[in-house]
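Reader: I would like a close look at a single part of this model, namely the way its helices pack against one another, with enough of the surroundings to place that packing in context. Please take the geometry and the contacts together, and go slowly.

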Amino acid sequence: MERLEKYLVGTCATVLVMTVLLCGSILYKSYRQTETAALSNSLNVARLAQRSISSNIEAMSVAMDTIGSRFSYHPQALHALPELDQRFYLFGTTAALRHVVAIAIMDEAGEVLAISRNGMDEFMQGLAASPGFTVHRDDPTKGLYISPPIMVKLGNELPMMILSKPLLRGDGTFAGVVLMALDLSFFRDLFNVVDIDSNSVVSLYSYEGLVYMRIPFDEKVIGTTLKSGAFTELAKNEEGKIFAISQHDGVKRMYVYSRISEIPLLVFVGSDVADIFSEWHEILYTVLWVLCASILVFLLLFKRLKKEFSARIASEEKLKELVSIDSLTGLLNRRALDELLTALWSRTQRNQNSIFTILFIDLDFFKQYNDTYGHKAGDMVLSSLAHCISDQLARPSDQAARYGGEEFVILLEDTDAAGANQIAQRLLETIRELGLVHCQSPFGIVSASIGAATLRRGQHQSMDDVIKAADAALYEAKNSGRNQVRMLVG
């Protein structure tokens, strides 16, 4: 039963493990597919924004180069023109662009020589001490420079950034700068075109984590720096992804980023992890429900199978018992005895040091008892004798069987002649103590004769030889007056 239970437990456990592994594999693949699809969508948005910003910034850079060239190659003609004509000549339609607040030209000393918008002179003059001017003065080979976001008061607070490029003389020396003030709403309008979910964000950062723009727009965020040193590491790659909790709103998102060529800015598209995996979580809960239901079914099935197998084993054991047990005495029957004898002989052949003794028990004058008292009374005597025999079996290896009629056999494994004789004498005394009246016996009570034979390897070549020796000892006990034990060793 224990082996069967282990088998059932092992089988059910194996099925459950396979089910869990299968569900886990399905969930993992589904998770990866969901993540890959979200990554692909976000990356497409990031690339679109990155290319748009890159192309627009490049166009502005080219426009600044054009303005610088006009100023450098035609300074005399420029001074001869009226102020309005100067502005149109220098800045053309560039100054009219909606997001360009102002364009200015500074000389090498930081003096504003020309500006596209009135009222911006003081502001532009103040930039002479800013990196937008000094980086080019200190290194004329420096290309386009983009400043951090700054606030300009033009009747209202206006966040913008300054783009600057150097002016160079023919010999390559520093001659001044071209400055362009760009309203950061340029990025906001560009990002607003992008179709994103309600909990998603599109943002623009510098390599140092400085915020240039973020959609959904929050003016308080512009110009702040994230408390992270990871942006410089991210900028080493063209593209990538990270999972992080936003420092602005505390939402965990999958951020996909793309680096803008030639300028130190990164475009980020962040998708809410909860939104990304919302459908996957539904699948997860469904699979977990199915898995729990499967476990419950398996447990119920195991319980049912265990009950069925237990009943079947009990039936088989009962059938086996009916087949191997003598119904009257409760001892083994002749068939079971023959199997025991065969098994015992096999064991003694494998172990040359083993020994055993066989006892043959036969009731004295039993036919006369049946004739006098009837077969029902005879059956009661046989049953009483079986109880006496069972009481003498002290070890699990000791076995007793009904050989036939009133004859019984006891197998005493690992028992020599002396030990077997003690058991036989005790059995004989126990039968006498029953005091069952037998008027046809010279002893006045029911008695028995016992013959015993112990294995002798030199003489006994088979189990039949030992049985014949025990049978011969029984007949000797009978012929010697009955109600006694006779031992034959060999």
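Author: What follows begins with the chain as a whole, turns to the helix packing, and then moves on to the cores and a few buried positions.

The model is a predicted one, and its chain holds 14 helices and 16 strands. Of the 490 residues in the chain, 43% are buried. Among the contacts with a separation of 6 or more, 60% join residues that lie 24 or more positions apart.

The part to examine closely is helix 12, together with the helices that pack against it. Two packed helices are described by the angle between their axes and the distance between the axes. For helix 11 (residues 366-373) and helix 12, the angle is about 135° and the axes are 7 Å apart. Since angles from 65 to 115 degrees count as roughly perpendicular and those over 145 as roughly antiparallel, helix 11 and helix 12 are therefore oblique to each other. On the side of helix 11 the contact is made by F366, Y369, N370 and Y373, and on the side of helix 12 by H375, A377, G378, V381 and L382. Sorted by class, this contact of helix 11 with helix 12 has six nonpolar residues, three polar ones and no charged ones.

Helix 12 (residues 375-391) also packs with helix 13 (residues 417-434), here at an angle of about 140° and with the axes 10 Å apart. By the reasoning already used, in which the roughly antiparallel class holds angles over 145 degrees, helix 12 and helix 13 are therefore oblique to each other as well. Their crossing is right-handed. Helix 12 brings S384, L385, C388 and I389 to this meeting, while helix 13 brings L427, T430, I431 and L434. The contact of helix 12 with helix 13 comprises, by class, six nonpolar and two polar residues, with no charged residue.

From the helices, one can turn to the nonpolar cores. The largest nonpolar core has 50 residues, of which I53, M161, L163, F187, F191 and L204 touch the most other members. Helix 1 (residues 2-73) gives the most to this core, with nine residues. If residues up to four places away in sequence are not counted, F187 touches I53, M161, L204 and M213. Apart from this core lies another, of 28 residues, and C388 is among them, as are A400, A420 and A448. C388 is thus a link back to the part under examination, being one of the helix 12 residues that meet helix 13.

Three buried positions complete the picture. H136 is placed in helix 5 (residues 131-138), and it counts as buried because its relative accessibility is 0%. Its contacts, leaving aside neighbours within four places in sequence, are K142, G143, Y145, S164, K165, P166, F174 and V177.

V211 belongs to strand 8 (residues 211-215) and is buried, with a relative accessible area of 0%. Although V211 and P149 are 62 residues apart in sequence, their C-alpha atoms are 8.0 Å apart in space. With neighbours within four places in sequence left aside, V211 is in contact with P149, L204, Y205, V221, I222, G223, T224 and H248.

S258, finally, lies in strand 10 (residues 252-259) and counts as buried at 2% relative accessibility. Not counting residues up to four places away in sequence, S258 touches A46, Q50, E238, E239, L265, L266 and V267.

Conventions. Residues numbered from 1 in each chain as written. Predicted model: local features only at pLDDT ≥ 70, side-chain atom pairs only at ≥ 80, totals over all residues. Heavy atoms only, no water. Axes fitted to C-alpha atoms, helices over the stretch in contact; angles between N-to-C directions. Helix = DSSP H or I, 4+ residues; strand = E, 2+ residues; numbered from the N terminus. Parallel < 35°, antiparallel > 145°, perpendicular 65-115°, else oblique. Left-handed = near helix turned anticlockwise from the far one by under 90°. Contact = heavy atoms within 4.5 Å. Nonpolar A, V, L, I, M, F, W, Y, C, P; charged D, E, K, R; others polar. Core = buried A, V, L, I, M, F, W, Y, C linked by side-chain atoms within 4.5 Å. Buried < 20%, exposed > 50% of the residue type's maximum accessible area, 1.4 Å probe, protein only.
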